[in-house]
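Hi everyone, thanks for coming. I'll walk you through a few spots in this one, so have a look at it first.

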Amino acid sequence: MDFTDAYRRWNACNPVSLFTAPIFKDVGQKLEDVARNIQQEARSATHLYIWTDCDREGEAIGGEVAEVCRKTNPRLIVRRAHFSSVLPQEIHHAMQNTRELDMRLVNAVEARSELDLRIGAALSRFQTLRLQSQFDAVKDKIISYGPC
């Protein structure tokens with residue numbers, strides 16, 4: 001997830017405009033080969049089983065994988081295995097009791113990611129540009145808001 005080119009440069013816009021700026025989602029250059037591979041596999045598949053960690057992030061990763069796969073196979077049936085340990089009985093139970101992806105969790109992670117991007121970028125740019133104009137010690141430094 002990122003801003004379009006018009007909003008990426010620090011001096012291209014007022015930091016406040018980042019709260020409503022267009023954003024896009026893509027696979028990213030590092031994972032293009034992975035995406036191509038799973039799309040190739042998805043073409044002839046009927047089902048996709050998601051076996052990621054059973055938390056919000058795992059659900060969101062499953063949603064992203066399903067989205068990539070459905071670009072080449074929109075009829076793909078996506079199921080989610082839910083397990084808490086890697087023991088034979090847990091794995092068998094998970095496979096026999098799959099469910100649909102919880103899109104509420106997927107959407108919650110995407111919303112949080114979008115908020116992190118918008119708030120972090122806007123506040124980092126605002127405070128950096130403001131402080132750079134007032135203090136020589138930070139003229140060439142970026143002052144980041146939060147962990148971003």
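So, which backbone oxygen does the side chain of Gln39 reach? That of Val68, at 3.2 Å, which fits a polar contact (N or O atoms within 3.5 Å, one able to donate a hydrogen and the other to accept it; residues adjacent in sequence count only if both atoms are side-chain atoms).

Quick note before I go on: this is a predicted model, where local features need pLDDT of at least 70, side-chain atom pairs need 80 or more, and totals for chains, interfaces and linings use all residues. Residues are numbered from 1 along each chain as its sequence is written, and side-chain values use heavy atoms, without hydrogens and water.

Back to Gln39. You'll find Gln39 in helix α2, residues 32-43 (helices are DSSP runs of H or I, at least four residues; strands are E, at least two; numbering starts from the N terminus). Gln39 counts as buried because its relative accessibility is 17% (buried is under 20%, exposed over 50%, partly exposed in between, with a 1.4 Å probe and protein chains only).

Now the rings. The structure holds 1 aromatic pair: Trp51 and Phe83, tilted, 5.5 Å centre to centre with 40° between the planes. (Ring centres of Phe, Tyr or Trp, taking Trp's six-membered ring, lie within 6.5 Å; under 30 degrees is stacked, over 60 edge-to-face, the rest tilted.) Trp51 sits in the loop between β3 (47-50) and α3 (56-70), and Phe83 in the loop between β4 (77-80) and α4 (88-96), so the pair ties together parts 32 residues apart in sequence. Trp51 is partly exposed at 32%, while Phe83 is buried at 17%.
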